[in-house]
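The exercises below are meant to be worked with the sequence and the coordinates side by side. Try each task before reading its solution.

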Amino acid sequence: MPERAHLAAGLLAPLCIATFFLSTILTELFGSYAAVAQLKSLIVTPGLWIMVPLMAAAGGSGMFLARSRKGRLVDAKKKRMPFIAANGLLVLVPCAIVLDRWAAAGSFDTAFHVVQAVELAAGATNLVLMGLNAGDGLRMAGRLRSGAAAAAKAR
């Protein structure tokens, strides 16, 4: 059961971040200020109420599963997780809340765009780190070969 919970949360949490990321870029490029404000509101509610528990579930279930495991891949995942969590809670969540408030007030000034850039950079960083964790998890489960094993088999 913990494996399934970890798999589900580990798939859905980055999917949430990717959805927020892509919808933000597309709305900023092609949408009106009203569309940006609506998107920022949806990202905060219900978005954060979905994403934060998913990230906590992925991290918590991962720590539970890793308690009896050792190795390079487990260590790599354990080193990434604090940064993913801190980036999410200390950068992504506050940025989302501030951007929602500013967008609702119609304040689309330089500060809005700077915070938006910070949020996008933090989101991209978390997506990369979560992708690395997913790859390592698939390798640990035997569903994905390591780069060295795949290269050796190709020869």
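**Exercise 1. Place leucine 12 in the fold and classify its exposure.**

Leucine 12 has its place in helix 1, where helices (H or I, at least four residues) are DSSP runs numbered from the N terminus. The model is a predicted one, in which local features need pLDDT of at least 70 and side-chain atom pairs count only at pLDDT 80 or more, while totals for chains, interfaces and linings use all residues. Residues are numbered from 1 along each chain as its sequence is written, and side-chain values use heavy atoms, with hydrogens and water left out.

Next, take the exposure classes: buried means under 20% relative accessible area, exposed over 50%, and partly exposed in between (1.4 Å probe, protein chains only). Leucine 12 is partly exposed because its relative accessible area is 41%.

Finally, look at its surroundings on the surface, where Leu7, Leu11, Leu12 and Leu15 form a nonpolar patch with about 370 Å² of accessible area together. Such a patch joins nonpolar side chains (Val, Leu, Ile, Met, Phe, Trp, Tyr) within 5 Å, from residues with over 30% relative accessible area and no salt bridge.

**Exercise 2. Describe helix 4 and what its buried residues pack against.**

Begin with the length: helix 4 covers residues 110-140, and its 31 residues reach 45 Å from the first C-alpha to the last, close to the 45 Å expected at 1.5 Å a residue. That expected span is 1.5 Å times one less than the number of residues.

Then list the buried positions, among them Phe112, Val115, Glu119, Asn126, Met130 and Asp136. The buried residues of helix 4 pack against helix 1 (2-30), helix 2 (33-66) and helix 3 (72-104). Just after helix 4, glycine 142 takes a positive phi of about 80 degrees.

**Exercise 3. Identify the residues that touch the most other members of the largest nonpolar core.**

A nonpolar core is a set of buried Ala, Val, Leu, Ile, Met, Phe, Trp, Tyr and Cys residues joined through side-chain atoms within 4.5 Å. In the largest one, which has 20 residues, Ile17, Leu48, Met51, Met55 and Met130 touch the most other members. Two or more residues of this core come from each of helix 1, helix 2, helix 3 and helix 4, and helix 2 gives the most, with 8 residues.

For one member in detail, methionine 55 is in contact (heavy atoms within 4.5 Å) with Ala13, Ile17, Ile84, Asn126 and Met130, once its neighbours within four places in sequence are left aside. Apart from this core lies another, of 8 residues, including Val36, Cys95, Ala103 and Phe108.

**Exercise 4. Trace the salt bridges and state which parts of the chain they link.**

A salt bridge is a side-chain nitrogen of Lys or Arg within 4 Å of a carboxyl oxygen of Asp or Glu, and the structure holds 3 of them.

In one, glutamate 119 meets lysine 40 at 3.5 Å, N to O. Glutamate 119 lies in helix 4 and lysine 40 in helix 2, so the pair ties together parts that are 79 residues apart in sequence. Glutamate 119 counts as buried at 9% relative accessibility, and lysine 40 is buried at 3%.

In another, the closest N and O atoms of arginine 80 and aspartate 136 are 2.9 Å apart; this pair links helix 3 to helix 4 across 56 residues. Aspartate 136 also forms a salt bridge with arginine 139, at 3.2 Å, and these two residues both lie in helix 4, 3 residues apart, about one turn of the helix. Aspartate 136 is buried at 7%, whereas arginine 139 is partly exposed at 30%. Arg80, Asp136 and Arg139 are thus linked in a network of salt bridges.

Conventions
Patches are made of residues with over 30% relative accessible area and no salt bridge: like charges are joined within 9 Å, nonpolar side chains (Val, Leu, Ile, Met, Phe, Trp, Tyr) within 5 Å. Accessible areas come from the Shrake-Rupley method with a 1.4 Å probe; for residues, only the protein chains shown count as cover.
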